[in-house]
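Here are a few short exercises to work through with the model open beside you. Try each one before reading its solution.

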Amino acid sequence: MRLRHFVDTQDFSKQELLDLIELIRIMKEADRQGATPRLLQDASLAMIFEEPSTRTRVSFEVGMTELGGHALYLKPGEIHLGERESLSDTAKVLSRMVDVIMARTLKHETIVGLAEAATVPVINGLTDYNHPTQVVCDVLTMMEHAPQGKGLEELNVTFVGDATNVLSSLMHICTQMGMNFTHAAPQKYQPPAEWRAIAEENCRASGGTLTITADVVAAVREADFIYTDLWWWVGQEDEIPERRAAFMPTYQVSMDLLSKAPAHCKAMHCLPASRGVEATDEVLDSPQSIIFGQAENRLHTEKGLLVW
Ligand code: CP
């Protein structure tokens, strides 16, 4: 079998991603029936985290346990990664001892370097560029909550807020799937040209559409899903006043903004959320919110991905 890493959804065809999502759906159904197959009996997963995590860490560790395997939590200061040992040597040593490596790295180059040197599959658990496991989970969640009779390629997905790593991945997978993807943000916080170029190329192949606009009301008018993410992350603390002023109140996902979308529209967030900042409590806890089902789907996604 050819070694495949999971660093970017762009490395996979639409059909491969759909096949993966179908496997995840089967794993979820098996979980519901208390019949998760122990397909990774005695296998080991090394989990490297350069940044904190709740969902990614717990979903990979629990997923590995439920499949009969074992996960090791490795963080900077406790392993030699990139300091007393080169990235390449760490990847080669881990490859001799474990069956899979999952890493959340500050820089995208780090996960790419790990994948280049490793001889076991490397899974990207978030970098400063993208978050591929999150968005595979998100497409599954959208399939589960799509309006009756509406196919995947007819879905309208609107992301409101900063051009984060999640926006990058979501824009790319949605356009690859042939969906209609809209990003609403002030011009300064819209995605760079290279990210757009990938999405535009995806649209040419899939028939999907990409709209990037500052007009948030127009952006949500036909939305089946409104998705938001944090307005600032670790290391951007100095920018908080400027960012808050740019986004608030126009780009906050509030009940008022949600009311501008169709009544069936669902609210999504990859979490963690800054409640009362990018989205209000009323939205996050409303019947239209699917954020906790979305979070649970991370567990099924990691299990499907590990088995795949
Ligand atoms: N959505 C997500 O990746 O959550 P964590 O940062 O908690 O892993």
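**Exercise 1.** Find out why Cys203 has no bond to the closest cysteine sulfur.

*Solution.* Start with the distance: in this predicted model, the sulfur of Cys203 lies 10 Å from the closest cysteine sulfur, which belongs to Cys174. Next, recall that a disulfide is a covalent bond between the sulfur atoms of two cysteines. The cut-off for such a pair is within 2.5 Å, so the sulfur of Cys203 is too far from that of Cys174 for a bond.

**Exercise 2.** Repeat the check for Cys265, then search the whole structure for disulfides.

*Solution.* For Cys265 the closest cysteine sulfur is again in Cys174, this time 13 Å away, which is too far for a bond. The search of the whole structure ends with zero disulfides.

**Exercise 3.** Decide whether Cys203 and Cys265 are buried or exposed.

*Solution.* Buried means under 20% relative accessible area. Cys203 has 11%, so it is buried. Cys265 has 0%, so it is buried too. Now look at the whole chain: buried residues make up 54% of its 308 residues.

**Exercise 4.** Compare the radius of gyration of the protein chain with that of a compact globule.

*Solution.* First take the expected value: for 308 residues, a compact globule would have a radius of gyration near 19 Å. Then take the value for the protein chain, 19 Å, which agrees. For the contacts, consider pairs of residues at least 6 apart in sequence: 75% of these contacts join residues at least 24 apart. Finally, list the elements of the chain: 12 helices and nine strands.

Note on methods: Residues numbered from 1 in each chain as written. Predicted model: local features only at pLDDT ≥ 70, side-chain atom pairs only at ≥ 80, totals over all residues. Heavy atoms only, no water. Helix = DSSP H or I, 4+ residues; strand = E, 2+ residues; numbered from the N terminus. Rg over C-alpha atoms; globule rule 2.2 N^0.38 Å. Buried < 20%, exposed > 50% of the residue type's maximum accessible area, 1.4 Å probe, protein only. Contact = heavy atoms within 4.5 Å.
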